[in-house]
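Student: Can you walk me through this one? I'd like to see how each label follows from its cut-off.

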Amino acid sequence: MQYSDRITRLKAEGAFAVLAECRRMEAEGKSIIHLQIGEPDFDTPGNISEAAIKAIRDGHTHYSPSGGTIEARAAVAEHIKRTRGIETAAEDVVIMPGVKPVIFGAIMGCINAGDEVICPNPGYPTYESVVNFVGAKPVPVPLREENDFRFDVNELRSLVTPRTKMIILNSPENPTGGVLTRSDMEAIYEVAEENDLWILTDEIYSGLVYDGEFVSIGSVPGAMKRTILMDGMSKTYAMTGWRMGYGVMPRQLADYLSTLAVNNFSCPASMVQVAMMEAFVGPMDEVNIMVEEFRKRRDVIVDGLNKIDGISCLKPQGAFYVFPNVKELGMTSQEVFDLLLYKAGVAGLPGTAFGKHGEGYIRFSYANSIENIQEALRRIEKILAEVRAKA
Ligand SMILES: Cc1ncc(COP(=O)(O)O)c(C=O)c1O
């Protein structure tokens, strides 16, 4: 059978492939500590689950409008105003099963074959994958450790060509945990404005900032006319499996994305929209406990990694990832990843799973208990000492 050229341009995600490999090893009786996963190990807060159960009982089991119910879209608009100070209307909101379909829709809706899209590198691999899928060219902008994994705006400006159509931002960032500042946002917006570019801002980790403030580029005056802002329930509310996200964007694009939805998955799940509305207005106690626990784990893993010879690790301000530098070990990222997984039973991800500028780094997720993180640190230290002893 023949397949389209297009489909071969999509890439799988490293984290899912590593999870499958871990499961295979575990079935053989190996002990693996999972630091590769990008999802909270907490359960969804009880009030949200109860709201979904009630919604099912109340009959929210039918199709909804393709871009979401008007009540849920209005609730998102209100949430965006409360969390970012951005005024928007329900009609500018599209609700989809996760942030991923919003990324997909935004790129499908704004980018033609031959266009260029500036993507953070190391960065979330879906951006480059979907840009390639539509026949456009991803242009990596390096996020450097010496700049706290933030954009160098002059470097960003130097990458803009007459074909550039979009800049993608992700702050707090996967995989580095880097957070952009307000002045970064203002400077990036200037570049976009000067060159008439779309800004895609993936704010899925907006609720997970431990130091400093979360700033949305959408709050820079004037920015929303060229910005597609997206966030969702997966990370902040521990709702990865529910599949619920949303985008705020210029109305014409919101209409296009609703049409894309109707041609693809029809609509977001009705009872999950009700659950999202409860999450926005209900008690935040469980979320706050989770965020506080992530902060403690971050401190444990950063301190522990910095005590290991050959590894140095910046303290990230957000998300639940660390991105330690392993260059002094004298191995590639892939070699360090293989050593840790196959010889120590510690699963991370090679930095190169997030692009070429991830070489020399490993990503660990600290969405795991402090006991498991401490055991992983012991295992890493032990295997590296053994390798050093043999050399
Ligand atoms: C940067 C980033 N964007 C989007 C997503 C996917 O989010 P969702 O579960 O809402 O589709 C992830 C998940 O790992 C992510 O890290």
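Student: Where is Arg150 placed?

Tutor: Arg150 sits in the loop between β4 (137–142) and α6 (153–159). Those labels are DSSP runs numbered from the N terminus: helices are H or I with at least four residues, strands are E with at least two. Bear in mind that this is a predicted model, where local features need pLDDT of at least 70 and side-chain atom pairs count only at pLDDT 80 or more, while totals for chains, interfaces and linings use all residues. Residues are numbered from 1 along each chain as its sequence is written, and side-chain values use heavy atoms, with hydrogens and water left out.

Student: What makes the Arg150 and Asp184 side chains a polar contact?

Tutor: The rule wants a pair of N or O atoms within 3.5 Å; within protein, one must be able to donate a hydrogen and the other to accept it, and residues adjacent in sequence count only if both atoms are side-chain atoms. The Arg150–Asp184 pair comes in at 2.7 Å, so it qualifies.

Student: Which residues does Arg150 touch, leaving out those up to four places away in sequence?

Tutor: Pro142, Leu143, Arg144, Val179, Leu180, Thr181 and Asp184. Touching is contact, meaning heavy atoms within 4.5 Å.

Student: Why is Arg298 with Asp211 called a salt bridge?

Tutor: A salt bridge needs a side-chain nitrogen of Lys or Arg within 4 Å of a carboxyl oxygen of Asp or Glu. Arg298 to Asp211 is 2.7 Å, N to O, so the name fits. Between domain 1 and domain 2 the count is three salt bridges.

Student: How do you know what counts as domain 1 and domain 2?

Tutor: The bounds come from an automatic or database domain assignment: domain 1 is 6–43 + 285–390 and domain 2 is 62–281. In contact across them are 38 residues of domain 1 and 37 of domain 2.

Student: What is the area buried between domain 1 and domain 2?

Tutor: About 3200 Å², with carbon and sulfur atoms giving 58%. Buried area is the accessible area (1.4 Å probe) that two parts lose on being put together, summed over both. In domain 1, Gln317, Phe354 and His357 lose the most to domain 2, together 20% of what that side buries.

Student: Which residues are closest to the ligand?

Tutor: Val99, Asp202, Tyr205, Ser234 and Lys235, out of 13 that surround the ligand; a residue is near if one of its heavy atoms lies within 4 Å. A polar side-chain atom of Ser234 is 2.7 Å from a ligand oxygen, and one of Asn174 is 2.8 Å from a ligand oxygen.
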